[in-house]
Amino acid sequence: MAPARTSASRSWARSLLAAGALAGALAVLCLVCAGAGAVTWWHPPSQLTWYWQLQGAVNNGLGVAAYDIDGFENSAAEVATLHRQGKRVICYIDAGTAENFRPDYASFPKATLGRSNGWPGEKWLDIRRLGVIEPIMAARFRMCAEKRFDAVEPDNIEAFSNRSGFPITAAQQLTYNEWVATEVHSLGLAVLQKNDGEQTPDLHTYFDGALTEQCNQYSECPAFEPYLDSGEPVLNAEYRVKAARFCAPDNSTGIMGARFNLALNGKRFEPCW
């Protein structure tokens, strides 16, 4: 037979139960707080219909799920217009070059400017100089977030494989690209890997999908299979190859292909879906 409990032992037991209840409540509260502080972002679906336009007044109203438009040239009002139509909006930003027509061009020290990448007024950046380049890019990404974009398309993130004017290694490019993805995610935005297919095995866990150009023309589409295997989108833009030639292979692999004109001014849009 268990001994009878005294009033003192009952009081001690009640205190112990109360302390346990308080500890449990605090634990739950901590979990809630941790969940509330977690940063989340849009995870684009594998079959993402999309439209890409970087010049001219945006051609609103197309029957696609996402628009990819220039982050500098388009206002928060334009993003809001697309959101009202039920669209997701991707912010195009150059992350590996400096363009002399951008308002922040003077922020880049001359020593960070390399060779032209082939576009007028645009030069490769020395992405090895992280302390200089990263704050400028972080400000660009914040602009995308402040305008309420859903995702970022960081262009020109493959300086190591181009004649940039700097001896950038593959490892240094990976360091920078991984920083780009992490920084964008910290703002609650999705981020797409732009080209750089040969580094996909190392990058695909950092990004939410990929946007590649001319992967059919240059036989580079298989490089992006890790995204397809993970159920994430691979968006492919072709310029010279006709849709009748590349749509069938894109559709068979799950790539969301479309043909545009090189100026990306809205004058050509031939989607494969």
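1. Two strands count as paired if DSSP finds at least two bridges between them. The structure discussed here is a predicted model. On that criterion strand 2 (residues 66–70) and strand 3 (residues 88–94) are paired: they run parallel and five bridges join them. One of the residues involved is Asp70 of strand 2, whose bridge partner in strand 3 is Tyr92.

2. Strand 2 also pairs with strand 1 (residues 50–53), in the parallel sense, over four bridges. Across this pairing Trp52 stands opposite Asp68, and Gln53 stands opposite Ile69.

3. Side-chain directions in strand 1 are split. Trp50 and Trp52 point one way, while Tyr51 and Gln53 point the other way. Residues on both sides are buried.

4. How many of the five residues of strand 2 are buried? Five of the five are, so strand 2 is largely enclosed by the rest of the structure.

5. The connection from strand 2 to strand 3 deserves a look in the viewer. Together with helix 2 (residues 76–84), the two strands make a right-handed β-α-β unit. After helix 2 comes Gly86, which has a positive phi, near 85°.

6. Helix 2 has Glu78, Val79 and Leu82 as buried residues. Seen down the helix axis, the buried residues fall within an arc of 100°, so they line one face of helix 2. The general background is that an α-helix has 3.6 residues a turn, so residues three or four places apart point the same way. The buried residues of helix 2 pack against strand 2 and strand 3, the two strands of its β-α-β unit.

7. Further along the chain, five strands form an open sheet with mixed pairing, in the order 9-10-11-12-13. Why is one side of strand 9 and of strand 13 left without a neighbour in the sheet? Strand 9 (193–194) and strand 13 (269–271) stand at the edges and each has a single partner strand, so one side of each has no neighbour there.

8. For strand 13, the pairing is with strand 12 (residues 256–260), in the antiparallel sense, over three bridges. Within strand 13, Pro271 is the bridge partner of Ala258. Helix 7 (residues 243–253) packs on this sheet and touches strand 11 (234–238), strand 12 and strand 13. The direction of helix 7 makes about 165° with that of strand 12.

Methods:
Residues numbered from 1 in each chain as written. Predicted model: local features only at pLDDT ≥ 70, side-chain atom pairs only at ≥ 80, totals over all residues. Heavy atoms only, no water. Contact = heavy atoms within 4.5 Å. Axes fitted to C-alpha atoms, helices over the stretch in contact; angles between N-to-C directions. Buried < 20%, exposed > 50% of the residue type's maximum accessible area, 1.4 Å probe, protein only. Right-handed = clockwise from strand over helix to strand, strands pointing away. Arc of directions from axis to C-beta.
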